[in-house]
Amino acid sequence: MMLFLLFQIGDDRYALDARRVAAVLPLVRLKQIPGTPAAVAGIFNYHGVHVPVVDMSMLALSRPARQSLGTRIILVHYPDQQHLLGIIAEKATETLRSDAAAFQPYGLGNDAAPYLGPVMQDTRGLIQWVEIDQLLSDEVREQLFPMGAIT
């Protein structure tokens, strides 16, 4: 059994492997980074580390996340535990225990969103696993985490 942190993009539910989550924080004021893609919401300082933040709603739906009590910044280890990345996610207030095998391929190719992994069904509908390591394109990853950058 694995623990997943659930969140929403629009009306759809998504899951992150909780082993990759470092912290779940309230929204904080971000410093904007001119010249980055629209989904990059900015950066903030977390215990002396400058952490870039990506807005999942902007990434997936081209609109910013709704500002509500359930909208949080999820700090994840990205990639392979090397850096911290913040993810703005709506309704990031629930967890799920499930066998990873309950998530199954959904049969569609999605080159535009390679971070969208397999899906599972529960009593409220489908939940899709978000593959953290696939979240950023190579270009955005290099902008946010230049080679040799120390965090």
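The protein chain carries 12 positive and 15 negative side chains, and the centres of these two sets are 9 Å apart. Keep in mind as you look around that this is a predicted model. The accessible surface of the protein chain adds up to about 8300 Å², and carbon and sulfur atoms account for 54% of that surface.

## The overall build

What pattern do the helices and strands follow along the sequence? Reading the protein chain from its start, you meet β-β-β-β-β-α-β-β-β-β-α. That makes two helices and nine strands. The radius of gyration of the protein chain is 15 Å, close to the 15 Å from the globule rule for 151 residues, so the chain is as compact as a globular protein of that length. If you follow the C-alpha trace along its principal axes, it spans about 40 × 30 × 30 Å.

Two percentages help to fill in this picture. Of the 151 residues in the protein chain, 46% are buried. Now take the contacts between residues at least 6 apart in sequence: 56% of them join residues at least 24 apart.

## Aromatic rings

The structure has six aromatic pairs. One of them is made by F4 and F103, whose ring centres are 5.0 Å apart and whose planes meet at 45°, so this pair is tilted. Where do the two partners sit in the chain? F4 belongs to strand β1 (residues 2-9), while F103 is in the loop between β7 (83-98) and β8 (116-122), so the pair ties together parts that are 99 residues apart in sequence.

Are F4 and F103 buried or exposed? F4 is buried, because its relative accessibility is 0%. F103 is buried too, because its value of 5% is under the 20% cut-off. These two residues also have company: together with W129 they form one aromatic cluster.

Another of the aromatic pairs joins F7 and Y14. Their ring centres are 5.8 Å apart with 25° between the planes, and the pair is stacked. F7 counts as buried because its relative accessible area is 2%. Y14, at 10% relative accessibility, is likewise buried.

Here are the two pairs side by side for easy reference.

| Aromatic pair | Centre-to-centre distance | Angle between planes | Arrangement |
|---|---|---|---|
| F4 and F103 | 5.0 Å | 45° | tilted |
| F7 and Y14 | 5.8 Å | 25° | stacked |

## A buried serine and an exposed one

Next, find S57 in helix α1 (residues 56-61). With a relative accessible area of 1%, S57 is buried. Which residues does S57 touch, leaving aside its neighbours within four places in sequence? Its contacts are I9, S62, R63, P64, A65 and E90.

One of those contacts, S62, deserves a visit of its own. S62 lies in the loop between α1 and β6 (72-78). S62 is exposed because its relative accessibility of 62% is over the 50% cut-off.

The backbone of S62 has something to show as well. Most residues other than glycine have a negative phi. S62 is not a glycine, yet its phi is positive, at about 60°. H47 is another non-glycine residue with a positive phi, in this case near 50°. You can find H47 in the loop between β4 (40-46) and β5 (49-55). A relative accessible area of 69% makes H47 exposed.

## Toward the two ends

M1 is in the segment before β1. At 72% relative accessibility, M1 counts as exposed. Even so, M1 has partners elsewhere in the sequence: not counting residues up to four places away, it touches R97, S98 and D99. What separates the C-alpha atoms of M1 and R20? The distance is 15 Å, for two residues 19 places apart along the chain.

P146 is in the segment after α2 (138-144). Is P146 buried, exposed or partly exposed? P146 counts as partly exposed, because its relative accessibility of 37% falls between the 20% and 50% cut-offs. The C-alpha atoms of P146 and T123 are separated by 43 Å, and these residues are 23 apart along the chain.

Conventions
Residues are numbered from 1 along each chain as its sequence is written. This is a predicted model: local features need pLDDT of at least 70, side-chain atom pairs count only at pLDDT 80 or more; totals for chains, interfaces and linings use all residues. Side-chain values use heavy atoms; hydrogens and water are left out. Helices (H or I, at least four residues) and strands (E, at least two) are DSSP runs, numbered from the N terminus. The radius of gyration is taken over C-alpha atoms; the globule rule is 2.2 Å times the number of residues to the power 0.38. Buried means under 20% relative accessible area, exposed over 50%, partly exposed in between (1.4 Å probe, protein chains only). Contact means heavy atoms within 4.5 Å. Accessible areas come from the Shrake-Rupley method with a 1.4 Å probe; for residues, only the protein chains shown count as cover. Lys and Arg count as positive and Asp and Glu as negative; His and the chain ends are not counted. The place of a charge is taken as NZ of Lys, CZ of Arg, CG of Asp or CD of Glu. Rings of Phe, Tyr and Trp (its six-membered ring) pair if their centres lie within 6.5 Å; planes under 30 degrees apart count as stacked, over 60 as edge-to-face and the rest as tilted.
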